[in-house]
Structure formats: structure tokens, C-alpha cells
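Colleague: Could you take me through one part of this model in detail? I would like the cut-offs spelled out as you go.

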Amino acid sequence: MTAPAGLHFFANTHEWLKIEADGSATVGVSNFAQESLGDIVHATLPAIGKQVQAGEACCVLESVKTASDVYTPVTGKIIAINPKLADTPEEINDSPYDSGWLFKIQPTEPIDASKFLTHDAYMAQAE
């Protein structure tokens, strides 16, 4: 699966982020990550308003195989969570780069996209 243009990847823990026009970022897990997890049956998402540090575990995805932490790629405040995931966590498997997004964050500082990988560079490391 090819990722949409404009996504940046955090290779160590397999998250992606999309920098929005207002400076916030949408965060999800890569297709590689969701395939590795298998069928996702529950997503524990962070609370709106929670302050998080880059690299901090802030959610948990549970699959039929295991539970896996999801880490925030930037420091900031959680401003939204994906409401669909409470009832249909399988959206993460079905559409990891679109309707399966996890949360939105308002960074404390502008995001330096050069700290992240392109999809091709990420896939070269993930394989």
C-alpha cells in the first residue's frame, strides 16, 4: 500500500504524521505496523487536552495477536481523537492513512519535517 503524499514517518515505532495547514498534526500508524499487528480489536486513545512529549507512549492498540503502544512523534497537546475507533477499531486495518487516523496534536513548536522519513525511506528501513 502506498501512502498518500505529504505524510512523514517515524521509523523507530512506525507512526506517521501529516502536518495540517494550521500547524497541527494528524497521527496514525503505518500500513506496515497495522499488518504486523493483525486484526485490531480495540484502540485506547489519549485524552483530549493531554500534554505529551515526543517519543512518549500515548495510546495502545490491541489486536488478536498482541497489544502495542503507539508513540507521539512530536511534543504538544492532544486536540482531537478519532471518534470512529471506539466502535470500529478495524478502520486502522482498513484505512491506516485515511479514516484510521488516531489523534491530532497541537505541537508546542513548529514541526521540523526533516526529522522524519518519506514513505519510500521508511519502507526501505521497515522491510
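Colleague: To start with, in which sense do β6 and strand β7 pair, and over how many bridges?

Modeller: Happy to. A word on the basis: this is a predicted model, where local features need pLDDT of at least 70, side-chain atom pairs count only at pLDDT 80 or more, and totals for chains, interfaces and linings use all residues. Residues are numbered from 1 along each chain as its sequence is written, and side-chain values use heavy atoms, with hydrogens and water left out.

Now to your strands. β6 and β7 (residues 67-71) pair in the antiparallel sense, over five bridges. Strands here are DSSP runs of E with at least two residues, helices are runs of H or I with at least four, and both are numbered from the N terminus; two strands pair if DSSP finds at least two bridges between them. Three residues separate β6 from β7, and the two form a hairpin. Within it, L61 stands opposite S68 in β7. β6 (residues 57-63) also pairs with strand β4 (residues 40-44), again antiparallel, over four bridges. There, the bridge partner of I40 is S63 in β6.

L61 is worth following further. With neighbours within four places in sequence left aside, its contacts (heavy atoms within 4.5 Å) include S68, the residue opposite, as well as I40, A43, I92 and L102. L61 is also among the residues with the most contacts inside the largest nonpolar core, together with I92, L102, F103 and I105. That core has 23 residues. A nonpolar core is a set of buried Ala, Val, Leu, Ile, Met, Phe, Trp, Tyr and Cys residues joined through side-chain atoms within 4.5 Å; buried means under 20% relative accessible area, exposed over 50%, and partly exposed in between, with a 1.4 Å probe and protein chains only. β4 and β6 each supply at least two residues of this core, as do β3 (25-29), α1 (31-37) and β9. A second, separate core of nine residues includes L7, W16, Y97 and Y122.

Three of those names come back among the aromatic rings: ring pairs link F9, W16, Y97 and Y122 into a cluster. Rings of Phe, Tyr and Trp (its six-membered ring) pair if their centres lie within 6.5 Å, and planes under 30 degrees apart count as stacked, over 60 as edge-to-face and the rest as tilted. The count by this rule is four aromatic pairs. One of them, F10 with F116, is tilted, at 6.2 Å centre to centre and 55° between the planes. F10 lies in strand β1 and F116 in the loop between β9 (103-107) and α3 (119-126), so this pair ties together parts that are 106 residues apart in sequence. F10 is partly exposed at a relative accessible area of 22%, whereas F116 is buried at 12%.

F9 and W16 also meet through the backbone pairing, since F9 stands opposite W16 in β2. Four bridges join β1 to β2 (residues 15-19), and the two run antiparallel. They belong to an open sheet of six strands, in the order β1-β2-β3-β9-β8-β5 with antiparallel pairing. β1 (7-10) and β5 (51-52) stand at its edges with a single partner strand each, so one side of each has no neighbour in the sheet.

For the wider setting, the protein chain has three helices and nine strands, and buried residues make up 44% of its 127 residues.
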